[in-house]
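Subject: Structure handover

Hello,

Here is the structure we talked about. My notes follow below it.

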Amino acid sequence: MKLMKVAKTAVALSGLALATVFTAGSATAEQTLTLAQISEGFDPQRTYTQSCGACHNSGAAGAPRLGNADDWTSRLEKGRDVLLENTINGYNNIMPPKGMCFTCSDDELAAVLDYILENSAE
Ligand code: HEC
C-alpha cells in the first residue's frame, strides 16, 4: 500500500512537470490550469450520474432537470459564471456545495455544468 502511494505521488509530480513545460511553451495559462485541475480519465457524464442525477434527473426539491430547456433557460440568464459559482458554493440552502462531488475540482465541476447545459439546450 505504501509503495502505491509513493507511485501515485510520482505520477502527480510528473503531471506538474508537464504543466510547467506547457507554461514555458506556447500554451496559455488557462490551458495549463485545465491540464493541472482535471484529473486523467475524468468523465463529466459519469460524475453527473453519480453526484447530480439523484436530484437533477427527477427535479427533486425543484432542481432544474437535465434535458429540460425550460428549467435551464431562466437559470442561464444569470450567466454561466454565476451558475458555476452556485454549483461550487451551493445555492439557496438546498443545492448542496459542489453538488456533493467533494472530490471534484472547480474545473471538473465546470465540466459537469457544461455537460448539463449542453444536454439541456432547446
Ligand atoms: C441533493 C440534491 C442535489 C444534488 C445532489 C445536486 N443538486 Fe444542483 N440543485 C438542486 C436544487 C434543489 C436546485 C434548485 C435550487 C433553487 O433554485 O432553489 C439546484 C440548482 C442547481 C443549479 C442552478 C443554480 C442557480 O444559480 O440557479 C446548478 C447549476 C446545479 N444545481 C448544478 C449541480 C451539479 C453540477 C451537481 C452535481 C455535481 C448538482 N447540482 C447536484 C439540488 C441538487
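Which helix supplies the largest share of the shell around the ligand? It is α3, with five residues. Helices here are DSSP runs of H or I, at least four residues, numbered from the N terminus.

Two points on provenance. This is a predicted model: local features need pLDDT of at least 70, side-chain atom pairs count only at pLDDT 80 or more, and totals for chains, interfaces and linings use all residues. Residues are numbered from 1 along each chain as its sequence is written.

The ligand shell. 26 residues surround the ligand (C-beta atom, placed from the backbone, within 6 Å of it). The closest are Cys52, Cys55, Asn92, Met95 and Gly99. α3, α5 and α6 each supply at least two shell residues. By type, the shell has 17 nonpolar, seven polar and two charged residues. Nonpolar means Ala, Val, Leu, Ile, Met, Phe, Trp, Tyr, Cys and Pro; charged means Asp, Glu, Lys and Arg; the others, Gly among them, are polar.

Helix α6. It covers residues 106-118. Its 13 residues should span 18 Å at 1.5 Å a residue (times one less than the number of residues), and the end C-alpha atoms are 18 Å apart, so the two agree. Its buried residues (20 or more other C-beta atoms within 10 Å of their own) include Leu109 and Ile116. They pack against α3 (44-56) and α5 (80-89), with contact meaning C-beta atoms within 7 Å.

The core. The largest nonpolar core (buried Ala, Val, Leu, Ile, Met, Phe, Trp, Tyr and Cys residues joined through C-beta atoms within 7 Å) has 10 residues, among them Tyr48, Cys52, Leu66 and Cys104. α3 and α6 each supply at least two of them. The largest share, six residues, comes from α6.

Best wishes

Terms used
A residue is buried if 20 or more other C-beta atoms lie within 10 Å of its own, exposed if 12 or fewer, and partly exposed in between; C-beta atoms are placed from the backbone. Two residues are in contact if their C-beta atoms, placed from the backbone, lie within 7 Å.
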